[in-house]
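Please look over the sequence and the model shown here. The explanation below goes through them part by part.

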Amino acid sequence: MNETRILLIDDETIALTNLTHVLQREGYAVTACKDGESGLAALRTTDFDLVLTDLKMPGIDGMEVLREVHTRYPGVPVIMITGHASLDSAVEAMKAGAYHYLAKPFRLAEAREVVRAALELRRVKRENQDLKLRIEQLQNPHTLITQDLGMQRLLETARQIATSDSSVVIHGESGTGKELLARYIHRSSRRAQGPFVAFNCGALSEDLAASELFGHEKGAFTGAQARKVGLFEAANGGTLFLDEVAELPPSVQVKLLRVLQEREVLRVGAVEPVKIDVRVLAASNRDLREAVEAGHLRNDLYFRLNVVTLSLPPLRERRDDIPLLAYFLLRKFAVTMDRPVEEITPEAMQRLVEYDYPGNVRELSNFIERGVALAQGEVLDVEHLPQHLGRLTVRVFAPELAAAPATLEAQEKAHILQALKLAGGNRSEAARMLGIDRVSLWRKLKKYGVND
């Protein structure tokens, strides 16, 4: 893991030495400079995460250092230190973009807290920038956005099976992105230049479902005033996606089975079948084996469709994807609504990450759309999210009773290990449970000798 690098500039030797010692004890890599000239020279050769500079120095003073940092290294916070505290100098420094203003003599504990807060701001800005850069690369509106290892393995499997014409069943809760995965398979296949046609099989009568899928001839039934090409013919040379396939009426399931077996479709009211070349991808939020056992899906149709099964995990099982998805959706809705919203506060993001999403990605999309609509400026905050997101789950880790109280360090180590166990070894999730960032968790694990 990269060290956190801090540049410290102060012409007072004692102050420089004391603050260097304090920051190094916190685990930071400190470069100490006695004047502005050497400080700017250090900036040109090293990437720093934070700059602390004295305001009043001979030669190049703190204000010039501040301007140089903001011009050449935007995003790096600057903390001003001075023994000449005055309202005018404080206002000037803050207007020029200083993160904070410390007046000598200051308490070292205060300096430590200000440094931690500034570095946390730097970390959040970096993560946000990384997310924006990654999102900018996702130009296709049907892209599956993920950094989750399980999802990446699923996509690799999808790429491998995309080269065949095998039927695929995509299983997942409502809102997990089953159609997006189907489109991903289509785009990765030899049929990518052909049509992709999607059809929701639910809540349709037998006649209407048959007409939509297979088409009909003129006069085939009352109201059939012209020949209609069905979705199988419309998808010829490409892919037909059947969502909620277990909801098809039984008679339509029989006709679908025949189409899959014979590779031809018979329009309603027609005599001659039409040859087709279509790959079928089916999806359901139900376990299709249970649908077969319950009599809702034909057993032979199940086996014809279920050559390969891909199961999409719910969003609550891939929380690391939530920030990436949130910023992607933020950009999308900011553009469509013509709003200036560009950022999500850490507090709002924490609420989003901790929510369990029974509606999955679709529900997250609704939250972000609502937030963009309500935000008055460039930032989406907690107040722009639904109120029920504030009711966060509280986990209590109860230590086992012992004959004598354990040391504080032993209790902290046990507490951390318990959080890791509950998080299934996921350190980001464990850090979230503990209310600390991932860097702090890493340091504590290193301190207690917990191996990777």
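What follows leads through two sheets, the helices that pack on them, and then two further helices.

This is a predicted model, in which local features need pLDDT of at least 70 and side-chain atom pairs count only at pLDDT 80 or more, while totals for chains, interfaces and linings use all residues. Residues are numbered from 1 along each chain as its sequence is written, and side-chain values use heavy atoms, with hydrogens and water left out.

Helices (H or I, at least four residues) and strands (E, at least two) are DSSP runs, numbered from the N terminus. Two strands count as paired if DSSP finds at least two bridges between them. With these terms, one open sheet has 5 strands in the order 2-1-3-4-5, and its pairing is parallel. Strand 2 (29–33) and strand 5 (100–103) are at the edges with a single partner strand each, so one side of each has no neighbour in the sheet. From one strand to the next, the twist averages 15°; axes here are lines fitted to C-alpha atoms, for helices over the stretch in contact, and angles run from 0 to 180 degrees between N-to-C directions.

Within this sheet, strand 3 (residues 50–54) and strand 4 (residues 78–82) run parallel and are joined by 4 bridges. Opposite Asp54 stands Ile81 in strand 4. Helix 1 (residues 13–25) packs on the sheet and touches strand 1 (5–9), strand 2, strand 3 and strand 4, where contact means heavy atoms within 4.5 Å. The direction of helix 1 makes about 170° with that of strand 2. Helix 3 (residues 62–72) also packs on the sheet, touching strand 1, strand 3 and strand 4, and its direction makes about 180° with that of strand 4.

Another open sheet is formed by 5 strands in the order 7-10-13-6-14, again with parallel pairing. Its edges are strand 7 and strand 14 (308–311); each has a single partner strand, so one side of each is left without a neighbour in the sheet. The twist in this sheet averages 20° from one strand to the next.

Strand 10 (residues 239–243) is joined by 5 bridges to strand 7 (residues 196–200), running parallel to it, and Asp243 in strand 10 has Asn200 opposite. Another 5 bridges join strand 10 to strand 13 (residues 279–284), also parallel, with Leu242 opposite Ala282. How many residues of strand 10 are buried? The count is 5 of its 5 residues, where buried means under 20% relative accessible area, exposed over 50%, and partly exposed in between (1.4 Å probe, protein chains only). Thr239, Phe241 and Asp243 lie on one side of strand 10, and Leu240 and Leu242 on the other.

Strand 6 (residues 168–171) pairs with strand 14 in the parallel sense over 4 bridges, and Val168 has Val308 as its bridge partner. Helix 7 (residues 178–187) lies across strand 6, strand 7, strand 10, strand 13 and strand 14, at about 150° to strand 6.

Helix 13 (321–337) is one of the elements packed against by the buried residues of helix 14. Among the buried residues of helix 13 are Tyr327, Phe328 and Phe333. Just after helix 13, Asp338 takes a positive phi of about 55°. In helix 14 (residues 346–354), the buried residues are Ala348, Met349, Leu352, Val353 and Glu354. Besides helix 13, they pack against strand 15 (343–344), helix 15 (360–374), strand 16 (379–380) and helix 17 (427–434).
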